[in-house]
Amino acid sequence: MYENPYQRYRQVQLETASPLELIIKLYEGALRFINLAKKGLADGDYQLVNNSLLRAQAIVNELNLSLNMDYEISHNLRELYLFINRSLIEANIAKDGSKLDEIMEMLMSLKDAWVQINEEIKVKAVSGS
């Protein structure tokens with residue numbers, strides 16, 4: 001059976017990723033689907049908009065469900081994820097690109113924070129502290 005080398009590469013990336021790297025990949029996926037939805041809006045392809053935003057919602061829901069609620073920050077993130085999810089639904093119903101821009105800004109900020117945390121952990125691991 002023929003296996004696509006790119007798909008195999010992506011599968012290995014996911015299998016070997018740390019939990020933080022998986023979180024970052026989820027954010028990247030949500031952002032990618034929102035960008036697809038924005039393209040759909042520009043092209044008048046409302047099926048693409050709907051499908052892409054549903055996939056972005058699924059990713060945000062996964063982020064929400066994976067929270068460890070033993071930490072205070074998790075409660076804050078849960079509220080933010082619920083807000084983002086509601087905003088995605090509203091943007092999908094209204095076909096509102098400006099709302100999608102706002103959601104993307106929030107997700108980018110969150111992703112950047114996780115990237116920074118991941119980098120700090122790597123530096124500590126290398127320096128042995």
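The largest nonpolar core in this predicted model is built from 27 residues. Inside that core, the residues with the most contacts are I34, Y81, L88, L100 and L107. Which helices supply at least two residues each? They are helix 2 (19-43), helix 3 (46-65), helix 4 (72-94) and helix 5 (97-127). Helix 2 gives the most, putting in nine residues.

Y81 is a handy place to start looking around. Setting aside neighbours within four places in sequence, Y81 is in contact with Y27, V60, L63, N64, L67, L110 and W114.

## Stepping back to the whole chain

Now for the wider view. The protein chain has five helices and zero strands, so if you read along the sequence you get the pattern α-α-α-α-α. Of the 129 residues in the chain, 30% are buried. If you take the contacts between residues at least 6 apart in sequence, 62% of them join residues at least 24 apart.

## How the helices sit together

Two packed helices are described by the angle between their axes and the distance between the axes. Here are two pairs to look for in the model.

Start with helix 2 and helix 5. Their axes come within 9 Å and cross at roughly 160 degrees. Because of that angle, helix 2 is roughly antiparallel to helix 5. The crossing where helix 2 passes helix 5 is left-handed.

Then there's the pair made by helix 3 and helix 4. The axes of these two lie 9 Å apart, and the helices pack at an angle of about 170 degrees. Helix 3 and helix 4 are therefore roughly antiparallel to each other as well.

Which residues meet between helix 3 and helix 4? On the helix 3 side you'll find V49, N50, L53, A56, Q57, V60, N61, L63, N64 and L65. Facing them from helix 4 are R78, Y81, L82, I84, N85, L88, I89, A91 and N92. Y81 and L88, in that second group, were also named among the core residues with the most contacts.

N92 deserves a closer look. It is found in helix 4. Is N92 buried or exposed? N92 counts as buried because its relative accessibility is 7%, and the cut-off for buried is under 20%. Leaving out neighbours within four places in sequence, N92 is in contact with V49, N50 and L53, residues that belong to the helix 3 side of the pairing.

## Salt bridges

The structure holds five salt bridges. Three of them are set out here, with the distance between N and O atoms.

| Pair | N to O distance |
|---|---|
| D101 and K38 | 2.4 Å |
| D43 and K39 | 2.6 Å |
| E119 and K122 | 4.0 Å |

In the salt bridge between D101 and K38, the partners come from distant parts of the chain: D101 is in helix 5 and K38 is in helix 2, 63 residues apart. So this salt bridge links helix 2 and helix 5, the pair whose axes come within 9 Å. D101 is partly exposed, at 32% relative accessibility, and K38 is partly exposed too, with a relative accessible area of 29%.

The salt bridge between D43 and K39 stays within one helix. Being four residues apart in helix 2, D43 and K39 are separated by about one helical turn. K39 is partly exposed, and its relative accessible area is 46%.

E119 and K122 are another pair inside one helix: both lie in helix 5, three residues apart, which is about one turn of the helix. Salt bridges that share partners join E21, E119 and K122 into one network. E119 is partly exposed, with a relative accessible area of 41%, and K122 is partly exposed with 38%.

## A detail in a loop

Where is K95 placed? It's in the loop between helix 4 and helix 5. Phi of K95 is near 55 degrees, a positive value in a residue other than glycine. K95 is partly exposed, with a relative accessible area of 29%.

Terms used: Residues numbered from 1 in each chain as written. Predicted model: local features only at pLDDT ≥ 70, side-chain atom pairs only at ≥ 80, totals over all residues. Heavy atoms only, no water. Core = buried A, V, L, I, M, F, W, Y, C linked by side-chain atoms within 4.5 Å. Buried < 20%, exposed > 50% of the residue type's maximum accessible area, 1.4 Å probe, protein only. Contact = heavy atoms within 4.5 Å. Salt bridge = Lys/Arg side-chain N within 4 Å of Asp/Glu carboxyl O. Axes fitted to C-alpha atoms, helices over the stretch in contact; angles between N-to-C directions. Parallel < 35°, antiparallel > 145°, perpendicular 65-115°, else oblique. Left-handed = near helix turned anticlockwise from the far one by under 90°.
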